[in-house]
Amino acid sequence: MGHHLHGHGHTAGGGTPDWLPPALMLLVAAGVYLLLVRRARRRHPVLGWSRWRTGCFLGGILLLGVALLPPVAPFGHEDFRGHMVQHLLIGMYAPLALVLAAPVTLLLRSLPASGGRRLTAVLRSPPARVITHPAVALALSTGGLAVLYFTPLYNASTADPTAHWLLHAHFLLSGCLFAHVIAGPDPAPARPGVRARLVYLGVAVAVHAVISQLMYGGFWVDIHAPIDQVRSGAEIMYYGGDLAELLLAAASVATWRPERRGVADRGAAGRGVADRSAAGRSAAGRSAAGRSSGRGVVPARNVSGGS
């Protein structure tokens, strides 16, 4: 494997530092979220907005900043290990933090009623249900890694700055989609139960493990980088991915509401009492009818004995 990773300069066109555009985009994203928080609190002062959610969003922005700004960004351009660190930060850690910030719920609270209805209609539309299906999210996030590293796609992305940024965008969007499906607090009409979500997460864990092991062994991968970098990158992917998926599993389990079963059990018990009461009333009615017809001696004793 030859070392063909490209080295980006420190300035973009016109002498602008190449770290400035992503830094500005991240600042704008943080500013928009904070403005929406202010509007949501103003429109719904009783509900307010959780500082925990706000902290999650700002934490996600911080993780993206670490990945997209120096010193990690130049390292990612020049070394496969740096690329893998970027991949984990952009595609797994930052998405979980951003999703836990519940940006869709915040937007719904910030919009007027008509805008909220339109957004809800979009979220419930057939295309949205397809995109947010766990199998689709799994294919786009985890399945995309096989396409990236077992085809010439990765090498092509390192040779073209535009393709490189598109790759980052894919990592971020597909990671957010998968985190939303597995553990997102935002509304998702097609989201399955926690058990089913953990099964999909288990498949993602297995696929990550297989890809990283094949990468470490040099089987079928198409990565133009020194062998030691590829092996170290595979280890970063293996252990760093495990930790990210453990956090995702914890966030998913945190949405479990076992107390609902207790409510359901109490409801079932209540229905059982009602059914027994109705049966008792029915039996009493039959005994009364029997007495009125001269056949009520034995039924009358049975009813009295049962009480």
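This is a short tour of a predicted model of one protein chain, stop by stop.

**Stop 1: the whole chain**

Start with everything shown as cartoon. You'll find 14 helices and zero strands, so to speak an α-only run of elements from the N terminus onward. Of the 307 residues, 37% are buried. Switch on a surface next: the accessible area is about 16,600 Å², and carbon and sulfur atoms hold 67% of that area. If you like contact maps, look well off the diagonal, since among contacts with a separation of 6 or more, 75% join residues 24 or more positions apart.

**Stop 2: colour by pLDDT**

The chain averages a pLDDT of 84, with 79% of its residues at 70 or more. Select residues 51-68 for the high end: that's helix 2, where the mean is 98. Then jump to residues 297-306, helix 14, for the low end, with a mean of 40.

While you're there, pick out two stretches where the pLDDT is below 50. Residues 259-270 are one of them, and beyond near neighbours in sequence that stretch has zero contacts in the model. Residues 283-307 are the other one to select; here the model has seven contacts beyond near neighbours in sequence.

**Stop 3: helix 6**

Now select residues 113-123, which make up helix 6, and show side chains. Which residues of this helix are buried? Gly-115, Gly-116 and Leu-119 are. They sit on the same side of helix 6 because they cover an arc of only 100° around its axis. Add residues 103-110 to your selection and you have helix 5, the partner that the buried residues of helix 6 pack against. Spin round to the face turned away from the buried side, and you meet Ala-113, Arg-117 and Arg-118, which are exposed.

**Stop 4: the largest pocket**

Helices 5 and 6 turn up again here. Centre the view on Leu-98, Leu-172, Leu-173, Cys-176 and Leu-177, the lining residues that lie nearest the centre of the largest pocket. The pocket holds about 830 Å³ of space and has 32 residues in its lining.

Which helix gives the largest share of that lining? Select residues 161-183: this is helix 10, with ten lining residues. To complete the set of elements that give two or more residues, add helix 1 (20-43), helix 2, helix 4 (80-100), helix 5 and helix 6. Helix 2, in that list, is also the element with the highest mean confidence from the second stop.

Note on methods. Residues numbered from 1 in each chain as written. Predicted model: local features only at pLDDT ≥ 70, side-chain atom pairs only at ≥ 80, totals over all residues. Heavy atoms only, no water. pLDDT = per-residue confidence, 0-100. Helix = DSSP H or I, 4+ residues; strand = E, 2+ residues; numbered from the N terminus. Contact = heavy atoms within 4.5 Å. Buried < 20%, exposed > 50% of the residue type's maximum accessible area, 1.4 Å probe, protein only. Arc of directions from axis to C-beta. Areas by Shrake-Rupley, 256 points an atom, 1.4 Å probe, with all protein chains shown as cover. 1 Å grid on protein atoms, 1.4 Å probe; cavity = no way out; pocket = protein on both sides within 12 Å on 5 of 7 lines; lining within 4 Å. Points joined across faces, edges and corners; volume = space filled by probe spheres on them.
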